[in-house]
Amino acid sequence: MSAPTGPRSVVVVGAGHAGFTVASELRSEGYDGQITLLDEHAGLPYQRPPLSKAYLNGDLAADELPFRGAAYYEREGIDYLAEDGAVEISRADRTVTTATGRVIGYDALVLATGAAPIRAPFVTEGLLGMHELRTRADADRLTREMRSATRVLVIGGGFIGLEVACAARKHGVDVHVVELRDRVMSRAVGRTLSRYALDSHRAVGIHFHLGVGVTSIGATRGRVSSVTLDSGETLTTDLVVLGLGITPRTELAEKAGLDVDNGILVNEYLETSDPAISAIGDCCSFPYAFGGRRIRLESVQNATDQARTVAKRLTGRREPYVAVPWFWSDQGGMKLQMAGIGGMDDREVLHGDPASGRFSVLRFDGDRLVCGESVNSAGDHVSLRTLIAHGADPELIDHFSRPDGDSSPTALKQLARMLRGRA
Amino acid sequence: MTKVTYHSPTGSAVTLDVPPGVSIMQAAVKGGVDGILADCGGQRQCATCHVYVPEQYADQLPPMSEDEDDMLEITACERTERSRLSCQLVMNDDIDHIDVELPEHQR
């Protein structure tokens with residue numbers, strides 16, 4: 001049931017995890033007004049995470065990527081418009097203009113515009129053999145070219161870069177990873193896990209060049225042929241994959257005069273500087289409920305949980321967005337699962353034995369648990385999601401500050417159960 | 001082909017033909033069955049494809065992995081002896097028919 005004063009028409013811009021979920025949750029919450037879901041891409045709204053994981057590995061078929069079948073949108077009365085992105089918002093008229101010239105009115109607008117790969121200065125447009133990974137078409141092109149390549153060079157040692165490196169290695173290709181920082185996944189994980197992952201990847205024959213930048217990319221007859229590093233070294237290669245991170249897509253919001261600063265700025269209710277417009281997922285910068293600062297996250301959890309927060313608000317249940325962030329990455333035989341957000345100066349405490357291939361790292365800001373990173377240990381990860389939500393709980397702080405505090409997987413599980421029961 | 005009947009908490013039911021190699025979650029998502037979200041797409045990350053499987057089918061199903069067992073800790077509705085993640089319930093031709101019950105909510 002819609003709130004009596006609630007919107008009668010909602011337009012959602014972007015059909016990734018955030019956009020799809022807000023449309024679908026509006027219906028689940030009983031909203032019976034109009035929903036328009038604008039997608040600049042063709043086909044059906046689909047999942048991005050497998051593109052660098054199971055899909056690239058050939059373990060997941062293309063028809064498994066869409067969130068739902070075509071009939072779903074019709075049945076739910078979601079007006080899904082493919083191959084038609086939003087190009088302009090008129091806040092005064094409360095309309096969105098699309099690339100094909102449609103003008104769609106809204107009572108509530110949800111921006112789920114996502115993010116785009118960062119382009120580096122050394123990248124020349126139009127070079128063959130040059131890849132980035134954001135869409136299914138990107139993944140298909142990379143898969144095709146990987147089959148005939150003998151060497152792949154990945155620029156950027158973050159999640160996507162390492163996932164691609166593993167997939168390429170699985171295809172039997174010689175793989176080099178170039179990373180500007182002195183360690184892999186430096187933005188997302190702590191030193192302990194970073195080190196462990198590097199060793200594991202090296203053990204399967206992936207070559208790393210850490211702490212070096214790229215100065216130029218060499219080409220022969222319009223096709224990538226080499227990469228020159230700022231160390232002076234030149235590496236020959238058949239393909240280059242850019243994994244330099246992504247940047248929020250805020251053009252539309254900026255043009256409409258909304259506040260933007262590393263993402264579309266939203267409050268704890270995920271409202272932009274215009275309360276009729278919400279922003280969710282990769283494109284928004286929001287106040288972090290567990291940290292007293294603004295953050296922007298690129299994850300399925302953040303996209304879907306924010307979508308639910310907005311769907312609830314638009315149907316009359318106004319609640320702030322409070323969710324412990326979690327992420328995962330599949331890299332070769334490693335399933336990495338992270339909960340919470342670490343800081344630069346966290347104290348890292350290792351639980352379990354890395355030599356066994358299963359362990360967790362607990363990261364503390366003072367006595368407070370702020371982040372947990374698990375390798376092939378889903379049980380720990382699930383406990384850590386709960387423990388981090390209760391990071392400020394005096395009993396928990398006391399537990400972790402005791403030198404004899406038991407932090408075995410079983411103990412973590414019991415603590416998590418106790419805290420969940422209390423909620 | 002397995003006939004999977006999805007029973008909603010309100011008493012309605014939908015039956016789908018599920019080919020071997022396809023999970024109960026995948027079939028539901030493609031077939032537009034309400035009540036299975038599958039946020040993570042079957043990666044054992046989100047526990048939003050929780051179902052209850054009546055005891056009589058337990059032996060026919062793929063065994064529960066440690067990961068699945070762990071993820072079932074954080075289902076939105078109460079976990080019972082019959083709880084499974086439907087993304088892990090891949091059908092095969094030996095299973096003729098199966099009933100699954102959907103929880104009240106997944107998040």
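Me: Quick one on the A/B interface. How many residue pairs are in polar contact across it?
Reply: The rule finds 18 such pairs between chain A and chain B, both residues at pLDDT 80 or more. Keep in mind that this is a predicted model.

Me: Which elements of chain A supply the side that touches B?
Reply: Six elements each supply at least two residues. The helices are α1 (17-28), α8 (300-314), α9 (378-389) and α11 (409-422) of chain A. The strands are β22 (326-331) and β23 (334-340) of chain A.

Me: And how do the residues on that side divide: nonpolar, polar, charged?
Reply: On the side of chain A that touches chain B, 15 are charged, seven are nonpolar and six are polar.

Me: How many salt bridges across the interface, then?
Reply: Eight between chain A and chain B, by the rule. One of them involves Asp305(A) and Arg107(B). Their side chains meet at 2.6 Å, N to O.

Me: What about the contact counts and the buried area?
Reply: Chain A puts 28 residues in contact with 21 residues of chain B. The area buried between the two chains is about 2300 Å². Carbon and sulfur atoms give 40% of that area.

Me: Changing topic. How do β13 and β14 of chain A pair?
Reply: Antiparallel, over six bridges. Strand β13 of chain A covers residues 214-220, and β14 of chain A covers 223-229. Within the pair, Ser216(A) stands opposite Thr228(A) in β14(A).

Me: What sits between those strands?
Reply: Two residues, in the hairpin of β13(A) and β14(A). Arg221(A) takes a positive phi near 50 degrees there.

Me: Where is Thr220(A)?
Reply: In strand β13 of chain A. Its side chain joins that of Ser225(A) in a polar contact of 3.0 Å.

Me: Why does Thr220(A) count as partly exposed?
Reply: Because its relative accessible area is 40%, and partly exposed runs between the 20% and 50% cut-offs.

Me: How far is Thr220(A) from Gly291(A)?
Reply: Their C-alpha atoms are separated by 49 Å. Along the chain, the two residues are 71 residues apart.

Me: Last topic, the three-strand sheet in chain A. What's the order?
Reply: β18-β20-β21 of chain A, as an open sheet with mixed pairing. The edge strands are β18 (264-265) and β21 (294-295) of chain A, and each pairs on one side only.

Me: How does β20 join β21?
Reply: Strand β20 of chain A, residues 284-287, runs antiparallel to β21(A), with two bridges joining them. Phe286(A) stands opposite Ile295(A) in β21(A).

Key. Residues are numbered from 1 along each chain as its sequence is written. Chains are lettered from A and ligands numbered from 1 in the order in which they are written. This is a predicted model: local features need pLDDT of at least 70, side-chain atom pairs count only at pLDDT 80 or more; totals for chains, interfaces and linings use all residues. Side-chain values use heavy atoms; hydrogens and water are left out. Contact means heavy atoms within 4.5 Å. Buried area is the accessible area (1.4 Å probe) that two parts lose on being put together, summed over both. A salt bridge is a side-chain nitrogen of Lys or Arg within 4 Å of a carboxyl oxygen of Asp or Glu. A polar contact is a pair of N or O atoms within 3.5 Å; within protein, one must be able to donate a hydrogen and the other to accept it, and residues adjacent in sequence count only if both atoms are side-chain atoms. Helices (H or I, at least four residues) and strands (E, at least two) are DSSP runs, numbered from the N terminus. Ala, Val, Leu, Ile, Met, Phe, Trp, Tyr, Cys and Pro count as nonpolar, Asp, Glu, Lys and Arg as charged, and the others, Gly among them, as polar. Two strands pair if DSSP finds at least two bridges between them. Buried means under 20% relative accessible area, exposed over 50%, partly exposed in between (1.4 Å probe, protein chains only).
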